[in-house]
Amino acid sequence: SRRGQDLACVLFGAAAWQVRDRDQFIGWAHARRRTGLHRIVNNSRFLLLPWVRCRGLASQVLARSVRRLARDFAHRYGYRPVLVESFVEEGRFAGTCYRAANWQHVGWTQGRGKLGQWQEARQPRKAIWLYALDPRFRALLGGQEPGR
């Protein structure tokens, strides 16, 4: 902000290991996921601080964050990610800011949680939102276009 106050917190980390709807959207087989997963970054936390009131700020923060993510990531880690994922808890949040920032809703998690060690759902289902950092993300990840 102009006065030097923090407005938001955005964290990025490693992608989820196995997400059926994301993997189908990419067109991945199991072996391809193993070799390409590092090129996906997970938006693990997104918070606008409670005292901040500004219409449209959430989508602006998301858009600006992903705009520089590939460049910053390449500078730090030596390669560029091509896709960003985020999971939005159904019922608590609508994902409106992701839609407004041009992210794509591609499906739902199964509710098994991060480790996925249980066969039954133990966590709330979450909407899967993806943002392509490179329009060739499927080819770069070794996936296939749907229907091929």
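Biologist: I'm new to this one, so let's start in the middle: in which sense do strand 2 and strand 3 pair?
Modeller: Bear in mind that the model is predicted. Strand 2 covers residues 40–48 and strand 3 covers residues 83–89. Asn 42 has Glu 85 in strand 3 as its bridge partner. The two strands are joined over 3 bridges, and the sense of the pairing is parallel.

Biologist: And how many bridges join strand 3 to strand 5?
Modeller: Here the two strands run antiparallel. For one spot to look at, find Val 84, which stands opposite Tyr 131 in strand 5. The count of bridges joining strand 3 to strand 5 is 7.

Biologist: Okay, zooming out, in what order do the strands sit in the sheet?
Modeller: The sheet is an open one, and its pairing is mixed. From one strand to the next, the twist averages 30°. It takes 5 strands to form the sheet, in the order 1-2-3-5-4.

Biologist: Which strands have one side left without a neighbour in the sheet, and why?
Modeller: Look for strands with a single partner strand, because those leave one side without a neighbour in the sheet. That puts two strands at the edges: strand 1 (8–14) and strand 4 (104–108).

Biologist: How many residues of strand 3 are buried?
Modeller: For the chain as a whole, buried residues make up 37% of the 148 residues. Strand 3 itself is mostly covered. Of its 7 residues, the number buried is 6.

Biologist: What handedness does the crossover from strand 2 to strand 3 have?
Modeller: Follow the chain out of strand 2, and you go through helix 3 before reaching strand 3. That path is a β-α-β crossover, and its hand is right-handed.

Biologist: At about what angle does helix 3 run to strand 2?
Modeller: Helix 3 takes in residues 57–77. The helix lies across strand 1, strand 2, strand 3 and strand 5 (126–132). To strand 2, helix 3 runs at about 145°.

Biologist: What pattern does the chain follow along the sequence?
Modeller: There are 5 helices and 5 strands to place. Read along the sequence, they give β-α-α-β-α-β-α-β-β-α.

Biologist: Last one: what share of the exposed area do carbon and sulfur atoms supply?
Modeller: The area that the chain exposes comes to about 9,900 Å². Carbon and sulfur atoms supply a share of 48%.

Notes:
Residues are numbered from 1 along each chain as its sequence is written. This is a predicted model: local features need pLDDT of at least 70, side-chain atom pairs count only at pLDDT 80 or more; totals for chains, interfaces and linings use all residues. Side-chain values use heavy atoms; hydrogens and water are left out. Two strands pair if DSSP finds at least two bridges between them. Helices (H or I, at least four residues) and strands (E, at least two) are DSSP runs, numbered from the N terminus. Axes are lines fitted to C-alpha atoms, for helices over the stretch in contact, and angles run from 0 to 180 degrees between N-to-C directions. Contact means heavy atoms within 4.5 Å. Buried means under 20% relative accessible area, exposed over 50%, partly exposed in between (1.4 Å probe, protein chains only). Accessible areas come from the Shrake-Rupley method with a 1.4 Å probe; for residues, only the protein chains shown count as cover. A crossover is right-handed if, with the strands pointing away from the viewer, the path from the first strand over the helix to the second runs clockwise.
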